[in-house]
Each structure stands twice: as structure tokens, then as C-alpha cells.
Amino acid sequence: MSTALRAAGLADITVAPMAGGPTTPALVTGAARAGAVGFLAAGYKTPAVVEDELRAAAGVPHGLNIFVPSPPLADPRPIEHYRTALQPEADRYEIDLPPVRVDDDDFFADKVQLAAAYAVPLVSFAFGVPDAESVRLLRGAGCAVLITVTSAREAAEALAVEPDGLVAQAGTAGGHASTTNPAGYTGTTTAAEVLASVRAMTELPVVAAGGTAGPADVRALLRAGAASVQCGTWFLLADEAGTRPAHRTALVAGSAAGTAAGTAAGTAAGTVVTRAFTGQPARALRNRFTEAYSEIAPIGYPAVHHLTAPIRAAAAARGDAQALNLWAGTGYASIRPGPVADLVAALRD
Ligand SMILES: Cc1cc2nc3c(=O)[nH]c(=O)nc-3n(C[C@H](O)[C@H](O)[C@H](O)COP(=O)(O)O)c2cc1C
């Protein structure tokens with residue numbers, strides 16, 4: 001592994017940034033105490049909240065993950081059509097669907113400035129390739145920069161802005177795919193495949209992500225040359241994670257799929273790649289919402305994210321997992337609850 005990333009605290013196991021609740025400063029500091037490294041998740045948060053979290057993680061190795069803004073939508077009409085299709089959900093959960101919103105850059109520039117001001121040891125980007133100037137600013141401030149990619153083509157785009165390393169994200173990964181080609185994304189690659197194709201492009205360190213179901217997967221990816229293995233789903237049931245109760249219940253029930261518990265919770269077995277919640281492909285546990293809308297959901301992050309946000313909030317408030325984005329990777333059936341330190345130790349068994 002390059003000295004820059006080692007000096008920045010990159011360890012064999014990376015606790016993935018998980019925006020939308022699961023990542024907390026306690027998860028990140030707990031990971032560091034266990035000799036792993038965790039990333040704070042800046043996505044969806046205001047700069048003030050991100051700054052509070054950076055203060056809470058100061059003093060231990062940590063990273064910060066930032067969403068790269070999507071290119072502007074060429075045509076908002078598919079989103080308007082989807083809005084109409086979602087009206088039964090608005091009726092079911094007694095909410096009003098918001099007008100279509102396309103102008104959200106998730107405070108990208110402010111978050112980059114914050115990362116530089118706090119000299120965050122590791123900064124990773126998701127959803128695309130940041131501009132070269134932001135990468136230069138961060139590296140000049142002492143941050144090591146990683147860019148998440150899902151293919152060799154995306155790796156080539158990312159390498160052009162000169163990061164310190166790449167995160168190779170597989171189709172098996174839970175949550176959003178960091179692809180810049182959502183129309184062509186199938187979600188069928190394994191971590192070993194993406195790691196190999198990305199490593200063929202560069203001598204830089206490559207972090208492997210996606211589908212980790214236990215220590216054998218970690219060992220195999222490290223042996224295949226991964227600088228670290230980034231796991232998200234494995235940590236969703238951690239005591240320190242902020243995973244919503246309905247998400248936790250569905251994960252436990254889903255991992256017992258086929259049993260009475262799985263059936264009672266109404267969670268169909270397995271995961272699916274879907275744009276239904278946010279307009280960007282993401283892997284989630286199947287539920288009523290993914291079954292009803294995956295086929296018609298348009299491409300269009302963050303417009304679709306904003307459109308479905310009140311539906312998801314109302315479902316969460318009712319403890320109803322059937323309209324929640326239950327992000328999960330293909331390894332979800334092996335996960336377990338416990339302190340993050342125990343979960344890190346279990347991955348090293
Ligand atoms: C609930 C959840 C939220 C996620 N949020 C983010 C995020 O904010 N930024 C990011 O780069 N990756 C995010 N990911 C993807 C992870 O970085 C990583 O690629 C993935 O978890 C690896 O696959 P696994 O879940 O099978 O371990 C998220 C994953 C999950 C499960």
C-alpha cells in the first residue's frame with residue numbers, strides 16, 4: 001500500500017461510509033479503536049452537522065465521504081411521470097409529494113472546504129469523479145483522496161484527476177452504486193472482478209468493496225491485492241450504527257428468509273438493484289416498494305431521492321419497512337448484531 005494511505009490510517013478493514021443514518025461518529029471511533037478505519041458519511045447532511053461529526057472523530061484515524069453532484073437532468077419529464085405513478089403511495093402514507101427538485105449539489109464545495117480545513121486524513125468520493133481542483137486542494141491540505149468506481153472505464157476517468165487511490169465497488173455492494181453510467185449498470189460484478197479490472201489500470205492502492213459476508217471474503221480480497229476491504233452491510237446491525245429500527249428488523253428477518261420470521265415481516269428473500277427510491281441504482285432488500293416501482297423508476301438522482309423522501313419518512317415513522325430503502329449487500333444473510341469492535345474482530349477470524 002502507498003505510504004500516503006498507510007500514513008493516513010488506511011487499515012485492512014474499512015467501515016464503509018453509510019449515509020442516511022447508519023454511520024455515526026461512534027461507529028467511526030469504535031472502528032478506529034478496533035484497528036480498522038471508518039468513514040464519516042457527509043451525504044445528505046448540512047455542513048454544520050458534518051463539522052460537528054469531524055470534531056467528534058478528531059484524534060483517531062478516520063475518513064470523510066462526500067457525494068459528487070450529478071450532472072443536471074436533461075429532461076425532467078420522466079421524473080414528473082414517476083411523480084404521478086407514486087400518487088397511490090402518497091395516499092397510502094397520507095403525505096403530499098413535493099414538486100420535482102433538481103437543483104441539489106449536497107453542499108459539495110462546502111464539504112470539500114471542511115475536509116481541507118480539518119485536514120481529514122482520508123477523503124473518499126461517491127457518485128462520480130470530483131473536479132481536479134478539489135482533489136488538488138484536498139491533497140495540498142494533507143488529505144489522501146480516494147474515488148469510488150464500479151468499472152475500468154470509470155477508473156480511467158477517476159485516475160485523470162490524480163487521486164491517491166480508488167475504491168473498487170462491486171455490483172454486490174449494498175446501497176448506491178457509485179456509477180456514472182446508471183443506464184448501463186447491471187449490478188452483476190463481484191468484488192474480486194472489479195478489484196482485478198481496476199488494479200489492471202493503476203499501480204495506486206485499490207480498496208475493494210461489495211458483498212462481504214465474512215472473514216473468508218476479506219482474506220481472499222486482501223490476497224488478491226486489495227489495500228483494504230470496505231464493508232458496509234456487515235456493520236448495519238452494529239450497536240453504534242444509527243440504522244433505523246425498521247431496517248434492522250427487516251435485515252434480521254430477511255436473513256432468516258424462508259423462516260416464519262421472514263414471512264411474518266413480509267420481507268421477500270434476497271436483494272435487488274433498484275432506482276425506485278432515488279433515481280440512482282442501489283442494492284436493497286426486496287420489499288413492496290421495490291417490487292412495485294423498480295421497473296418504471298427513471299434515472300435521476302437526486303430528483304427521485306427528494307420525490308420519495310416523504311414516503312420513506314412516513315413509512316419509517318410507522319415502522320413500515322415496505323416503503324423503506326432497505327440498503328443491503330448480497331452478504332446480508334451472514335450479518336449479526338454487536339459492538340463494532342466485535343464485528344471487526346469477526347472479520348479477522
Ligand atoms: C446503508 C448503506 C449506505 C451507504 N452509503 C454510502 C455513502 O454514503 N457513501 C458511499 O461511498 N458508499 C455508501 N455505501 C456503499 C458502501 O460504501 C460500500 O460500497 C458497500 O457497503 C460495500 O458493500 P457491502 O454493503 O456488501 O459491504 C452505503 C452502503 C450501505 C449498505
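Which residue follows α7 and has a positive phi? In this predicted model, that residue is Gly142, with a phi near 95°. The helix before Gly142 is a convenient place to start.

Helix α7 spans residues 132–140, and its buried residues are Ser134, Val135 and Leu138. These three lie on the same side of α7, because the arc they cover around the axis is only 100°. The opposite face, turned away from the buried side, carries Glu133, Arg136 and Gly140, which are exposed. What do the buried residues of α7 pack against? Their partners are one helix and two strands: α6 (108–117), β4 (122–126) and β5 (144–149).

The next element is a sheet. Three strands form an open sheet in the order β7-β11-β10, and the pairing is antiparallel. Its edge strands are β7 (175–176) and β10 (271–274), each of which pairs on one side only. Strands in a sheet are joined by backbone hydrogen bonds, in a parallel or an antiparallel sense. Between β10 and β11 (residues 282–285) there are four bridges, in the antiparallel sense. At the level of single residues, Thr271 has Leu285 in β11 as its bridge partner.

The edge strand β7 contains His176. Is His176 buried or exposed? His176 counts as buried because its relative accessible area is 11%, which is under the 20% cut-off. Its surroundings can be listed residue by residue. Leaving out residues up to four places away in sequence, His176 touches Tyr44, Phe127, Gln169, Thr278, Gln280, Pro281, Ala282, Tyr301 and Trp327. With one of these, Thr278, His176 makes a polar contact between side chains, at 2.8 Å. Ala282, also touched by His176, falls within the residue range of β11 (282–285).

The last site to consider is the ligand. There are 23 residues around the ligand, and those that come nearest are Pro17, Asn65, Gly211, Gly232 and Thr233. Which atoms of the protein lie opposite the polar atoms of the ligand? For Asn65, a polar side-chain atom is 2.7 Å from a nitrogen atom of the ligand. In the case of Gln230, an N or O atom of the side chain is 3.0 Å from an oxygen atom of the ligand. Gly232 contributes through its backbone instead: one of its backbone N or O atoms lies 2.9 Å from a ligand oxygen atom. Taken alone, the ligand exposes 590 Å², and the protein buries 96% of that area.

Terms used
Residues numbered from 1 in each chain as written. Predicted model: local features only at pLDDT ≥ 70, side-chain atom pairs only at ≥ 80, totals over all residues. Heavy atoms only, no water. Pairing = 2+ DSSP bridges. Buried < 20%, exposed > 50% of the residue type's maximum accessible area, 1.4 Å probe, protein only. Arc of directions from axis to C-beta. Contact = heavy atoms within 4.5 Å. Polar contact = N/O pair within 3.5 Å; in protein donor to acceptor, adjacent residues only side chain to side chain. Near = heavy atom within 4 Å. Areas by Shrake-Rupley, 256 points an atom, 1.4 Å probe, with all protein chains shown as cover.
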